[in-house]
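Hello,

Here is the structure I promised to hand over. My notes follow below.

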Amino acid sequence: MPALCRDCLETFTPSRRCPKCGSPRVLAHDELFSLSIAHMDCDAFYASVEKRDNPDLNDKPVIIGGGQRGVVSTACYIARMKGVRSAMPAFMAKRLCPEAVVLPPRMSAYAEASKQIRQLMDELTPKIEPLSLDEAFMDLTGTERLHGHPPAVMLARLVKRMKDEVGVTGSIGLSHNKFLAKVASDLDKPRGFAIIGARETPAFLHDKPVGLIWGVGPAFRESLEKAGIRTFTDLLRWDKQDLTARFGSMGTRLWHLARGEDVRRVSANAPVKSISKETTFYEDTSDPDILDGHIWRLAEQVADRAKARDKAGLVVTLKLKTKDHKSLTRRTSLTDPTQIADRIYRTARALFDQVGDKGPYRLIGVGISGLSHANDADIMQDLLDPNATKRAAAERATDAIRERFGKDAIKKGRSLR
């Protein structure tokens with residue numbers, strides 16, 4: 001069985017410590033040097049960037065996002081030990097961890113760190129499929145001759161360079177397909193490196209909950225439980241035809257994933273098709289003021305992400321989910337692409353008004369699609385709204401002030417709802 005030191009990258013016969021540097025961070029697996037599909041996920045990315053830029057925060061619990069009625073975007077691992085989780089209402093997070101330092105997101109800083117990490121990944125393989133600013137799939141098949149080392153060694157070198165050169169840490173999942181690589185990357189966080197080999201796949205999966213599958217959220221998990229499906233072993237009892245008849249194309253996918261099968265390829269440079277943000281409420285609500293405040297905050301976050309990626313969207317989408325899990329989606333096309341929060345908000349708010357009183361709601365989301373480069377953004381504006389150009393100019397001036405003095409330097413009143 002081959003082994004690898006994750007600190008000095010020495011390879012050797014397994015032992016409790018590296019024979020070269022003495023590190024206990026030893027990775028050993030009988031398929032260590034034959035697997036090549038990886039998932040890299042940064043550890044509490046936003047919080048890591050904040051701690052990198054302000055070392056005084058290193059030993060403190062840090063929460064990104066929030067506000068009086070907002071939700072947590074990211075929490076560092078110190079805060080997570082207190083029970084703080086992403087998408088948790090800010091008031092609950094502060095109750096669990098009152099000593100936490102709460103910071104607004106700085107999307108430009110996160111985007112810059114993401115670009116640096118992408119450059120490091122580009123040196124390993126051209127087959128990279130980014131999922132967000134802080135995670136990506138990589139296919140390193142056939143790269144051993146180029147680098148002179150198997151993929152596992154190069155991946156350990158990648159996260160070491162991320163720490164040394166970018167100042168953030170990441171976790172690696174290595175397996176024989178995308179599904180299992182993503183599962184593996186969550187097994188040993190933070191600073192983890194986990195492997196799921198082909199031979200061990202059936203034994204690894206058999207007692208795991210179906211919630212392990214990416215895309216199986218609370219609502220769909222509830223539907224599966226009604227069918228008596230809670231674990232992968234439960235899935236194995238179903239015929240493919242019966243699963244497909246009950247759950248559609250997702251049923252077919254579940255049949256294959258239950259057997260550890262995933263034929264999807266790592267899609268290099270797959271274009272980003274949409275940018276969206278949603279939040280699930282701690283308590284269902286029909287309060288129009290609260291919902292309006294959420295629409296604004298979501299629009300602002302979507303705009304921040306679009307600006308960080310130099311993107312603009314032609315289509316604005318509003319997503320709502322009622323207390324009985326019924327989804328309502330409304331979308332409309334603009335006269336020209338936008339990345340302006342005010343314009344996204346006004347469009348999403350108009351879509352919300354079209355829905356009427358169908359609450360209370362448990363989830364709300366805002367997004368843009370039909371993406372193009374930011375050079376094409378907000379050229380025409382809305383000819384029926386002569387003040388649109390002024391508001392866009394004011395927003396960009398606000399962006400500059402926030403970039404210099406912090407996110408809370410200027411706030412709109414509606415963001416406090």
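Contact here means heavy atoms within 4.5 Å. Helices (H or I, at least four residues) and strands (E, at least two) are DSSP runs, numbered from the N terminus. Axes are lines fitted to C-alpha atoms, for helices over the stretch in contact, and angles run from 0 to 180 degrees between N-to-C directions.

The model is predicted: local features need pLDDT of at least 70, side-chain atom pairs count only at pLDDT 80 or more, and totals for chains, interfaces and linings use all residues. Residues are numbered from 1 along each chain as its sequence is written, and side-chain values use heavy atoms, with hydrogens and water left out.

First, the sheet. Its 4 strands run in the order 12-15-13-14, open, with antiparallel pairing. Two strands pair if DSSP finds at least two bridges between them. Strand 12 (274-285) and strand 14 (327-338) are at the edges, each with a single partner strand, so one side of each has no neighbour in the sheet. The twist averages 15° from one strand to the next. Strand 13 (residues 311-322) and strand 14 share 8 bridges. One bridge joins G313 to T338 in strand 14.

Two helices belong with this sheet. Helix 13 (residues 288-308) packs on it and touches strand 12, strand 13 and strand 15 (361-373). Helix 14 (residues 341-355) lies across strand 13, strand 14 and strand 15, at about 145° to strand 14.

Elsewhere, helix 11 (residues 240-247) packs with helix 12 (residues 249-257) at about 145°, axes 6 Å apart. Among the residues that meet are F247 in helix 11 and W255 in helix 12.

Best wishes
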